[in-house]
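The following paragraphs lead through a metal site and the pockets of a protein model. Please keep the sequence and the structure in view while reading.

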Amino acid sequence: MTAPVMERIPAERWYRTQRLADDVTLIDEPWIRAFYRCNIWHVRGREHDLLVDSGMGVVSLRRHVPLVSEKSCTAVASHTHFDHIGCHHEFGDCRVHPAEAAILAAPTRANTLAEHYVSDEIFDGLPPLPYASATYGVRGTAQFRPIVDGDVLDLGDRQFTVIHTPGHSPGGIALFEAATGILFSGDIVYDGPLVDDVSGPDLADYVASMKRLLALPVTVVHGGHFPSYGAERHRAIIRDWLARRDR
Ligand SMILES: [Zn+2]
Ligand SMILES: [Zn+2]
């Protein structure tokens, strides 16, 4: 018996966009199974737009999601795992924490974790040819600027403050809009199984990041994976995590 051949999805059907409240749009890749499927966040600003993460990069985001090219757009990397930076090379204005800048510049299958996670099993439908899981990799981003804790990304009418959140990865960052309480958390916390199998200094970093996020007056959290949630759920997820990991 041979396994059935998985369908190839045409590029124009690869992405899905859902407009949420407050000029925030969720772009995702529905043919990737939930645990591996990155949330790509687009925020419309008066002067500039903001993109938080860019998916696996198996189909051009700029060609197939016109929204991201409507205005000058700053593409931030919440961190540099393969599922979050695949299309950053398509943007002229990219930002990354210095601790992961080398990975954004020269990603490999190892340093982006693609080698560990990517196989045909993570899909319900395969990306268009010439995609192949065995040779998949992320393209390097030539131009980017560093962002560090406390920096503010100003869209003209909206301001997002950078919070360095090491733990899931050394250069993880979250973005917080104080005026609305919107938090883009990346992979440090979301409403699903967290990749938090860390110990030693990484665990200490993770705990410190979680305590910091717990103290924020959030109203809604848009995470790196899984659906968004509100303040009460935010506190419950973090308190539960701290009860298990902060010993
Ligand atoms: Zn990650
Ligand atoms: Zn991720």
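Aspartate 83 is buried, with a relative accessible area of 6%, where buried means under 20% relative accessible area, determined with a 1.4 Å probe on protein chains only. Histidine 84 is likewise buried, at 0%. The model is a predicted one, in which local features need pLDDT of at least 70, side-chain atom pairs count only at pLDDT 80 or more, and totals for chains, interfaces and linings use all residues. Residues are numbered from 1 along each chain as its sequence is written, chains are lettered from A and ligands numbered from 1 in the order in which they are written, and side-chain values use heavy atoms, with hydrogens and water left out.

Asp83 (OD) and His84 (NE2) are among the protein donors of the zinc ion (ligand 2), together with Asp187 (OD) and His225 (NE2), at 2.1 to 2.3 Å. Donors are N, O and S atoms within 2.8 Å of the metal (3.2 Å for Na, K and Ca); because water is not among the atoms, sites may look incomplete. The angles among the 4 donor atoms run from 89 to 163°, so the arrangement is irregular. Four donors count as tetrahedral if all angles lie between 85 and 135 degrees; four count as square planar and six as octahedral if opposite donors are over 155 degrees apart and all others between 65 and 115; anything else is irregular.

The zinc ion (ligand 1) is held by His79 (NE2), His81 (ND1), His168 (NE2) and Asp187 (OD), at 2.1 to 2.4 Å. Its site is also irregular, with angles of 89 to 173° among 4 donor atoms. Aspartate 187 bridges the two zinc ions, ligand 1 and ligand 2, which lie 3.4 Å apart. Histidine 79 lies in the loop between strand S5 (73-76) and helix H2 (82-85), and aspartate 187 in the loop between strand S11 (182-186) and H5, so the pair ties together parts that are 108 residues apart in sequence. Helices (H or I, at least four residues) and strands (E, at least two) are DSSP runs, numbered from the N terminus. Both histidine 79 and aspartate 187 are buried.

His168 also appears beside a pocket: with Gly167, Ser169, Asp197 and Val198, His168 lies nearest the centre of the second largest pocket, which is lined by 14 residues. A pocket is an open set of points on a 1 Å grid over the protein atoms alone, where a 1.4 Å probe fits, with protein on both sides within 12 Å along at least five of seven lines; lining residues have an atom within 4 Å of a point. Helix H4 (114-117) and helix H5 (200-214) each supply at least two residues of this lining.

Key
Buried < 20%, exposed > 50% of the residue type's maximum accessible area, 1.4 Å probe, protein only.
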